[in-house]
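Student: I have a model open and would like to know what the words used for its empty spaces and helix packing rest on. Can we go through them one at a time?

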Amino acid sequence: MTLLSFDHVSRRYSVGGSEVHALDDVSVTIDAGEFVSVIGPSGSGKSTFMNLCGCLDTPSDGRVTIDGVDVAGMGEERLSELRNERIGFVFQQFNLLARTSALDNVALPLIYSGVKRKARHIEAMRVLERVGLGEWANHHPSQLSGGQQQRVAIARALVNEPVLILADEPTGALDSHTSAEIMCLFQELNGQGISIVLVTHEQDIAAASSRKLNFRDGKVLSDERIEQTLFLEPGLEATA
Amino acid sequence: MSVLESVLVALTALRTNLLRSMLTMLGIIIGVAAVITMVAMGTGAQKEVDAQIAALGTNLFMIMPGSFRDHGARMASGSRLKLTEDDAHAIKREVAGVVASAPTSRGAVQIVSGNMNWSTTVQGIDNDYLLARNWEIVEGRVFEAREIRSGTRAALVGATVAEELFGEASIVGQSVRINNVPFQIVGRLGPKGQSMMGYDQDDLVMVPLEAARGRLLGASRAVAKAVSVIMVSVEQASMMDEVEEQITGLLRQRHRLRADQENTFSIRNMSEMVATRAEASRVFNMLLAAVASVSLVVGGIGIMNIMLVSVTERTREIGLRRAVGAKPRDILTQFLIEAITLCTIGGAVGVLLSVVIIMVTSNLTGWPVELPFQVIVLAVLFSAAIGVSFGYYPARKAARQDPIEALRYE
Ligand SMILES: Nc1ncnc2c1ncn2[C@@H]1O[C@H](COP(=O)(O)OP(=O)(O)O)[C@@H](O)[C@H]1O
Ligand SMILES: [Mg+2]
């Protein structure tokens, strides 16, 4: 079943009179349950692609549809609702609220879906336990390691039961050991049926996915299915 | 997202930056405290002026011998300048609209009761004086016409004197010696408080004019029945000008002044004087409140400044909130409510502070203060309104941020 479809999509920015084609005539479809990695050099349009996937942006040309619904026809409000209900974001810099507990950080999206405070905390706790941070619920981001912070961010992306997780270089700020743990978590989530689109510029991170989109100058240079490398359970890491 | 939810989010944000929040609030706190303190003191002063007006009597003229321009010089220069009891009676008889026309003289005396001794003022009056001044008797009675005519040694005692000599005890029927002349007390006067000039109006005894003149004041032999002041009260405020004109005419005629001669008396419209004073104090109060309001506006600008800083600082937070589903109006409400919360808490603290300031100053200085409840409510509402008006621009700025740009902001 098609989750996302890009149909001759372009995204242009005008910078000082001249036009920059951040995305140039891209046609791609992503099915529900896929684990797609997006790879390419800096400035090749990866983030622009992600923003369009995540309804943070609308195309200059072409059509982006999510579950068959054209994004272009939606207003700011509807797009916000769509992001809230269906999409989880994970960022390179985690983007956690400082001086706010892990639990409250995870519960943040639920505020905007109108869930009551009590229910929010129960739900957030459940997701924190799912990423293995149940005992850290009351800690502030500054008291957590980078890997733990990214797990909190992933928990936040998960809390609304999204169909799609968009991760823009989620391991960019982490060491390789921690990166592996995070990738393992993503694979686990993908195994539970959540679609994942992951931007990276490291080939061995991209290897965690089952499909690789290679971007160059705003175009998809190649789109290939790959053999998925299984990342190890964190507990087994030491023996590997 | 409910309003309560927004308030909670706002409170959390304010708490994470506690010191800054408090410093920002300080502007509003000081502004609100200043406005309320000024209004309270102004209202107190106003109340006192109003009480003075009420105590003075209504629509009152004070007629004195001589002219105001060269008071001292003319006073000594001859019998012609004296006002008499008969002048007072003529005014009452011949000028329409005059309710009371009271001849009166006063002087300093010593009053003794038993072993108690008090220096005070004696005022010779007839009953018109009490009428003109709206002066009540709280115990006993006013003078009888017979006592006024014959100058009986009867006395009405002012509240202060009664207090000094007798305390709370009943005084009617008691004997006192005024300058060694025995008088019998027939009544106790109700309290009038301080006059506009600041002296205690209750520190006096009143006796029939005739008794004062004959026995206490050492009457001038030059003019029989001379009095120092005539108090005239008029039926309606609208008649004051007309009555003043008629009195002038009447007195000029009675004093046989030619057209080219100046008045030998002067008429002062007391009600107008206090009204002018009341107006002046009202204007002054408004001015003070206006100046204080400026500090409130400055506080508002402080709020706006800090909210703008906060919006810039939290650009990434705004981007993140938008990414996880906040609508532009959620962001607008969040920052607006933050500003309103800051201002309202500031306003409430300002109210408390002003109450403390008012209590301390009125205790230390004895200034009259009056804090109307509506002013408190108004001040808090006003500071919330400042929150809205000065918080709106930063909040709108936050709501209009592009989420992608905001997320990329370093
Ligand atoms: N807001 C913008 N305004 C102008 N140009 C932009 C903007 N966002 C991206 N671009 C340009 O679009 C191109 C693709 O950017 P991006 O999608 O961020 O690339 P990547 O994530 O692969 O590094 C770059 O040349 C970038 O300079
Ligand atoms: Mg990028």
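Student: How many residues of each class are in the lining of the second largest cavity?
Tutor: This is a predicted model, and in it that lining divides into 5 nonpolar, no polar and 1 charged residues. The residues are Leu3(A), Ile66(A), Arg86(A), Ile87(A), Val163(A) and Leu164(A).

Student: What makes Arg86(A) the charged one?
Tutor: Arg is listed with Asp, Glu and Lys as charged, whereas Leu, Ile and Val count as nonpolar. Set against the lining, which includes Arg86(A), that gives the 1 charged residue and the 5 nonpolar ones.

Student: Why is a space called a cavity and not a pocket?
Tutor: A cavity is a set of points where a 1.4 Å probe fits but cannot get out, while a pocket is an open set. By this rule there are 2 cavities of 30 Å³ or more. The second largest has a volume of about 30 Å³, and the largest holds about 90 Å³.

Student: What lines the largest cavity?
Tutor: Its lining has 14 residues, and those nearest the centre are Gly88(A), Pro109(A), Arg156(A), Ala157(A) and Val324(B). Two or more residues each come from strand S6 (87-91) and helix H5 (146-158) of chain A, and from helix H11 (315-323) of chain B. S6(A) gives the most, with 4 residues.

Student: How do you know which class Gly88(A) belongs to?
Tutor: Gly counts as polar by the definition, so Gly88(A), a lining residue, is polar. By class, the lining has 10 nonpolar, 3 polar and 1 charged residues.

Student: Why are H4(B) and H9(B) called oblique?
Tutor: Helix H4 (residues 85-94) and helix H9 (residues 240-254) of chain B pack at an angle of about 135 degrees, with their axes 10 Å apart. Roughly perpendicular covers 65 to 115 degrees, and roughly antiparallel needs an angle over 145. The angle fits neither range, and therefore H4(B) is oblique to H9(B). Their crossing is right-handed.

Student: Which residues make the contact between H4(B) and H9(B)?
Tutor: H4(B) contributes Asp86(B), Asp87(B), Ala90(B), Ile91(B) and Glu94(B), and H9(B) contributes Gln246(B), Ile247(B), Leu250(B), Leu251(B) and Arg254(B). They divide into 5 nonpolar, 1 polar and 4 charged.

Student: What makes the largest pocket a pocket, and what is its volume?
Tutor: A pocket is open, with protein on both sides within 12 Å along at least five of seven lines. The largest one has a volume of about 1000 Å³. Of the 43 residues that line the largest pocket, Leu97(A), Ala98(A), Thr100(A), Thr16(B) and Glu317(B) are closest to its centre.

Student: Which element gives the most to the lining of the largest pocket?
Tutor: H1(B) does, with 9 residues. The lining as a whole divides into 16 nonpolar, 14 polar and 13 charged residues.

Student: Where is the centre of the second largest pocket, in terms of the residues nearest to it?
Tutor: Ser47(A), Thr48(A), Asn51(A), Asp168(A) and Arg408(B) lie nearest its centre, out of 29 lining residues. The volume of the second largest pocket is about 820 Å³. H1(A) gives the most to this lining, with 5 residues. By class, the lining has 12 nonpolar, 11 polar and 6 charged residues.

Conventions. Residues are numbered from 1 along each chain as its sequence is written. Chains are lettered from A and ligands numbered from 1 in the order in which they are written. This is a predicted model: local features need pLDDT of at least 70, side-chain atom pairs count only at pLDDT 80 or more; totals for chains, interfaces and linings use all residues. Side-chain values use heavy atoms; hydrogens and water are left out. On a 1 Å grid over the protein atoms alone, a cavity is a set of points where a 1.4 Å probe fits but cannot get out, and a pocket is an open set with protein on both sides within 12 Å along at least five of seven lines; lining residues have an atom within 4 Å of a point. Grid points are joined across faces, edges and corners, and a volume is the space filled by probe spheres set on the points. Axes are lines fitted to C-alpha atoms, for helices over the stretch in contact, and angles run from 0 to 180 degrees between N-to-C directions. Angles under 35 degrees count as roughly parallel, over 145 as roughly antiparallel, 65 to 115 as roughly perpendicular and the rest as oblique. A crossing is left-handed if the near helix is turned anticlockwise from the far one by less than a right angle, and right-handed if clockwise. Contact means heavy atoms within 4.5 Å.
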